[in-house]
Amino acid sequence: MDVQVGDQIVTKKPHPCGENIFDVLRVGMDFRIRCTKCGHEIMIPRSKIEKNIKKVIRKQL
């Protein structure tokens, strides 16, 4: 899956605050994502997040 830093991802399962849109801060073996509603940052292994991504929203330059 082609996800880059600066993209937003929509996940199948929401964060406990109720939001399911996250900003991508780091990409590699692990992804660092930030919840767009509460600002909580999470570090998740690539294999786990790729199964949970519903849609990737690209940032327009």
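**Salt bridges, pocket and core of the predicted model**

E41 is partly exposed, with a relative accessible area of 36% (buried is under 20%, exposed over 50%, and partly exposed lies in between, for a 1.4 Å probe and protein chains only). The model is predicted: local features require pLDDT of at least 70, side-chain atom pairs count only at pLDDT 80 or more, and totals for chains, interfaces and linings use all residues. Residues are numbered from 1 along each chain as its sequence is written, and side-chain values use heavy atoms, with hydrogens and water left out.

E41 takes part in a salt bridge with R32, at 3.4 Å from N to O (a side-chain nitrogen of Lys or Arg within 4 Å of a carboxyl oxygen of Asp or Glu). R32 is partly exposed, at 30% relative accessibility. E41 also pairs with R34, where the closest N and O atoms are 3.2 Å apart. R34 is partly exposed too, with a relative accessible area of 29%. Elsewhere, salt bridges with shared partners join D2, D7 and R58 into one network. Across the whole structure, the search finds five salt bridges.

Within that network, R58 pairs with D7, and their closest N and O atoms are 2.2 Å apart. This pair links distant parts of the chain. R58 sits in the segment after strand 5 (53–57), whereas D7 belongs to the segment before strand 1 (8–11). The two residues are 51 residues apart. Helices (H or I, at least four residues) and strands (E, at least two) are DSSP runs, numbered from the N terminus. The burial of the partners was also computed. R58 is partly exposed, at 36% relative accessibility. D7 is buried, at 4%.

R58 is also touched by Q4, which further touches V24 and V27, residues up to four places away in sequence being left out (contact means heavy atoms within 4.5 Å). Q4 lies in the segment before strand 1. Its relative accessible area is 41%, so Q4 is partly exposed. Between Q4 and N52, the C-alpha to C-alpha distance is 16 Å, with their positions 48 residues apart in sequence.

The largest pocket holds about 210 Å³ of space. A pocket is an open set of points on a 1 Å grid over the protein atoms alone, where a 1.4 Å probe fits and protein lies on both sides within 12 Å along at least five of seven lines; lining residues have an atom within 4 Å of a point. The volume is the space filled by probe spheres set on the points, which are joined across faces, edges and corners. The lining consists of T11, K13, P14, H15, P16, F22, I33, I42, I44, K48, I49 and N52. Strand 4 (41–45) and helix 1 (46–52) are the elements that give two or more residues to this lining. Helix 1 provides the largest share, three residues. By class, the lining divides into seven nonpolar, three polar and two charged residues. Here Ala, Val, Leu, Ile, Met, Phe, Trp, Tyr, Cys and Pro count as nonpolar, Asp, Glu, Lys and Arg as charged, and the others, Gly among them, as polar.

H15, one of the lining residues, is found in the loop between strand 1 and strand 2. H15 is buried, at 14% relative accessibility. Not counting residues up to four places away in sequence, H15 touches F22, C35, C38, H40 and I42. F22 also lines the pocket. Beyond its neighbours within four places in sequence, F22 contacts D7, Q8, I9, T11, H15, I33, R34, C35, T36 and I42. In helix 1 lies E50, which is partly exposed at 28% relative accessibility. E50 and P14 are 15 Å apart, C-alpha to C-alpha, and 36 residues apart in sequence.

The largest nonpolar core comprises 10 residues: V3, I9, F22, V24, F31, I33, C35, I44, I49 and I53 (buried Ala, Val, Leu, Ile, Met, Phe, Trp, Tyr and Cys residues joined through side-chain atoms within 4.5 Å). Strand 2 (21–26) and strand 3 (30–35) are the elements that give two or more residues to this core. Strand 3 gives the most, with three residues.

I53, a member of this core, lies in strand 5. I53 is buried, at 8% relative accessibility. Its contacts, apart from neighbours within four places in sequence, are M1, V3, I9, V10 and K12. The C-alpha atoms of I53 and D30 are separated by 14 Å, and these residues are 23 residues apart along the chain.
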